[in-house]
Amino acid sequence: GDVNRMPIVVGVRFKSAGKIYYFYPMQIDASVGDRVIVETSRGVEMGELVLAHRQVELNTTNTPLKPILRKATEKDVAQWEELRTEEKKALSVCQEKIRNHNLEMKLVDVEYAFDRSKLTFYFTAEGRIDFRELVRDLASVFHTRIELRQIGVRDEAKALGGLGPCGRSICCATFLGDFVPVSIKMAKEQNLSLNPAKISGICGRLLCCLKYESEGYGMEGLDVPELGSMVVTTMGEGVVTHIRTNKGVVRVRLTETNKEKDFSLDEVVLVSPQKNCEECKKHSSIYLEEDEEDPIGKGNHS
């Protein structure tokens, strides 16, 4: 049984920053960077080999692994490029049909199966859309199986790409294979401005990069006084004005001198958790409804 649990596999990716899927390499002589033809649960597809032969422990409850069929030939690559051109045409045909049917939906992406057995249109929309007529229309034009899939705003940004507030290409479109839940708590712990415009990505959700450093700021299990609470320090009492979680330090405005000074957590004792700072009250109310985590983070990813 153990041999099947730790098989030798290779990793294949179908989109530039897509998820990596494992396949059996069989006897095929392909190296990282090569295009390969594989059998997937959705039919035959062409992908890029991105992880060389390795042993991985597999969760046997998942769908059984499929083999790599062959290394892509020039003909395969030509067919793949032809499909990309046809997808562009299909996109404009579908957009026109959406206008004709007066549907409140925004077309994001089109994907042809490698064997042309299916054409998938990805769209975003506010609510539920009745697109049965649209599907009939598209089927009569393309003579293949049509599927329409509604995706979330994060998936839309990933498909379209763009520049983030940092000036670089957005992470999800360049290297993030999967979305992780991001919570407003992460922004609070990192002492960022809670202004939605500053901590949201171009998708309108919280920035994925808030997650990158959040482990370094973790104050789990530590007794940290909240902003605005009264504390007694080794230099008298004061109000907490700033928390530097990654350093394990709180900044306190001392009542006696009205000056601010940093203290480590073992140098302060909480007197009254009462927040007496207007600024803090404003901050804590901005985002209460989104305090858990990004609901779209668990969206459907293809």
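**A tour of salt bridges, a cavity and a surface patch**

Select Glu133 to begin: Glu133 is partly exposed, with a relative accessible area of 47%, where buried means under 20%, exposed over 50% and partly exposed in between (1.4 Å probe, protein chains only). You are looking at a predicted model, in which local features need pLDDT of at least 70, side-chain atom pairs count only at pLDDT 80 or more, and totals for chains, interfaces and linings use all residues. Residues are numbered from 1 along each chain as its sequence is written, and side-chain values use heavy atoms, with hydrogens and water left out.

Now add Arg136, whose side chain meets that of Glu133 in a salt bridge (2.6 Å, N to O); the term stands for a side-chain nitrogen of Lys or Arg within 4 Å of a carboxyl oxygen of Asp or Glu. The two residues are 3 apart in helix H3 (residues 132–142), so about one helical turn separates them, and Arg136 counts as exposed at 52% relative accessibility. Helices (H or I, at least four residues) and strands (E, at least two) are DSSP runs, numbered from the N terminus.

Move next to helix H2 (residues 74–100), where Arg84 and Glu87 also lie 3 residues apart. Their closest N and O atoms are 2.8 Å apart in a salt bridge, and while Arg84 is partly exposed at 23%, Glu87 counts as buried at 10%.

For a link between distant parts of the chain, select Lys71 in strand S5 (residues 68–71) and Asp34 in the loop between strand S2 (20–23) and strand S3 (35–40), 37 residues apart. Their side chains meet in a salt bridge of 3.5 Å, N to O, with Lys71 partly exposed at 39% and Asp34 buried at 19%. The count of salt bridges comes to 14.

Select Lys15, Arg42 and Glu111 together, and you will see three residues linked in a network of salt bridges. Arg42 and Glu111 also help to line the largest cavity, along with Glu45, Tyr112, Ala113, Lys118 and Thr120. Strand S6 (106–112) and strand S7 (118–124) each give two or more residues to this lining. On a 1 Å grid over the protein atoms alone, a cavity is a set of points where a 1.4 Å probe fits but cannot get out, and lining residues have an atom within 4 Å of a point. About 70 Å³ of space lies in the largest cavity, this being the space filled by probe spheres set on the points.

Finish at Val271 in strand S13 (residues 268–272), which is partly exposed at 47%.

Notes: 1 Å grid on protein atoms, 1.4 Å probe; cavity = no way out; pocket = protein on both sides within 12 Å on 5 of 7 lines; lining within 4 Å.
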